[in-house]
Amino acid sequence: MDLFVLIALLCLINTILPDIIRNWVKISRFWKGPKVKPEDLAALQAAREELTQVQNAEHSGEYARKIKTMRAERKVADAESKILRASQMQKLKQSTIDTVAYYVTKVVFSLVVIIVCARHRYSAVMIFDESFSLQPLSGLLSFPTGIYNAISVPTWALSCNFTFRLLYDLVKN
């Protein structure tokens with residue numbers, strides 16, 4: 001009976017925990033807020049001030065004013081693109097962390113389930129009495145154990161994984 005509960009619990013955790021960790025990591029980013037370097041913001045502010053000064057200044061000719069305005073606008077665009085690239089790199093790093101956290105937890109709990117199944121593969125999770133017949137699947141359900149009317153550990157783990165994944169996908173969608 002211990003294996004019954006243990007395998008069911010491990011399969012449930014294996015189904016739910018990776019998504020919980022992924023969502024927790026995403027939600028925790030809202031608490032931190034966006035990270036923009038102060039020197040990048042200062043450079044953007046300086047470029048904007050230069051642009052307003054150029055637009056408000058009186059120049060010797062229209063051509064000189066246009067050239068100075070274009071240079072100031074280019075500085076603003078460069079500063080904005082630098083901030084945008086930094087934020088995109090930050091988002092890429094965060095999505096990489098999400099993916100790694102998801103798959104690491106998935107692999108760790110899958111390995112735990114596999115180890116438990118391998119160590120107890122000749123044990124029966126449940127043994128039914130003669131009044132309950134598992135025919136025509138009794139040989140498949142009790143495969144490594146050899147016990148009549150028994151459900152083996154690998155079969156139970158497979159059915160728990162499949163059932164919990166199916167239920168979780170139904171609830172999630």
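Aspartate 98 lies in helix 3, and that makes a good starting point for a tour of this predicted model. With a relative accessibility of 8%, aspartate 98 counts as buried, because buried means under 20%. Which residues does aspartate 98 touch, once its neighbours within four places in sequence are left aside? The contacts are Arg22, Val25, Lys26 and Arg29.

## The chain as a whole

Now let us step back and look at the overall fold. The protein chain has five helices and two strands. Following the sequence from start to end, you meet them in the pattern α-α-α-β-α-β-α. The radius of gyration is 31 Å, while the globule rule gives 16 Å for 173 residues; the value for the protein chain is well over that, so the chain is more spread out than a compact globule. The extents of the C-alpha trace can be read next to this: along the principal axes of the protein chain, the trace spans about 105 × 25 × 20 Å.

How much of the protein chain is buried? Of its 173 residues, 28% count as buried. The accessible surface of the protein chain amounts to about 12,400 Å², and carbon and sulfur atoms account for 65% of that area. Contacts tell another part of the story. Among contacts in the protein chain with a separation of 6 or more, 65% are between residues 24 or more positions apart.

## Two threonines and a valine

Helix 3 covers residues 62-119, and aspartate 98 is one of its residues. Threonine 105 is also found in helix 3. Its relative accessibility is 12%, so threonine 105 counts as buried. Beyond the residues up to four places away in sequence, threonine 105 touches Pro18 and Ile21.

Valine 112 has its place in helix 3 too. Where does valine 112 stand on the scale of exposure? Valine 112 is partly exposed, because its relative accessible area of 31% falls between the 20% limit for buried and the 50% limit for exposed. From valine 112 to leucine 167 there are 55 residues in sequence, and the C-alpha to C-alpha distance is 21 Å.

Threonine 15 sits in helix 1, which runs over residues 2-32. Threonine 15 counts as buried, with a relative accessibility of 2%. Not counting residues up to four places away in sequence, threonine 15 touches Lys106, Phe164, Arg165 and Tyr168. How far from threonine 15 is phenylalanine 162 in space? The two are 9.5 Å apart, C-alpha to C-alpha, although 147 residues separate them in sequence.

## An asparagine with a positive phi

Asparagine 149 is worth a pause. This residue is in the loop between helix 4 (138-141) and strand 2 (150-152). Most residues other than glycine have a negative phi. Asparagine 149 is not a glycine, yet its phi is positive, at about 60°. Asparagine 149 is also buried, with a relative accessible area of 1%.

## A cavity and a pocket

Finally, let us look at the spaces in the structure. How many cavities of 30 Å³ or more does a search of the whole structure find? The search finds one. The largest cavity has a volume of about 40 Å³, while the second largest pocket holds about 160 Å³ of space.

The table sets out the two spaces.

| Space | Volume | Lining residues | Lining by class |
|---|---|---|---|
| Largest cavity | about 40 Å³ | Lys35, Val36, Lys37, Asp40, Ile83, Ala86, Ser87 | three nonpolar, one polar, three charged |
| Second largest pocket | about 160 Å³ | Lys35, Val36, Lys37, Glu39, Asp40, Lys82, Ala86, Gln90 | two nonpolar, one polar, five charged |

Val36 appears in the lining of the largest cavity and also in the lining of the second largest pocket.

Which helix gives the most to the lining of the largest cavity? Helix 3 does, with three residues. For the second largest pocket, helix 3 again supplies the largest share of the lining, three residues. Helix 2 (38-56) takes part as well: helix 2 and helix 3 each supply at least two residues of that pocket's lining.

Definitions and conventions. Residues are numbered from 1 along each chain as its sequence is written. This is a predicted model: local features need pLDDT of at least 70, side-chain atom pairs count only at pLDDT 80 or more; totals for chains, interfaces and linings use all residues. Side-chain values use heavy atoms; hydrogens and water are left out. On a 1 Å grid over the protein atoms alone, a cavity is a set of points where a 1.4 Å probe fits but cannot get out, and a pocket is an open set with protein on both sides within 12 Å along at least five of seven lines; lining residues have an atom within 4 Å of a point. Grid points are joined across faces, edges and corners, and a volume is the space filled by probe spheres set on the points. Helices (H or I, at least four residues) and strands (E, at least two) are DSSP runs, numbered from the N terminus. Ala, Val, Leu, Ile, Met, Phe, Trp, Tyr, Cys and Pro count as nonpolar, Asp, Glu, Lys and Arg as charged, and the others, Gly among them, as polar. The radius of gyration is taken over C-alpha atoms; the globule rule is 2.2 Å times the number of residues to the power 0.38. Buried means under 20% relative accessible area, exposed over 50%, partly exposed in between (1.4 Å probe, protein chains only). Contact means heavy atoms within 4.5 Å. Accessible areas come from the Shrake-Rupley method with a 1.4 Å probe; for residues, only the protein chains shown count as cover.
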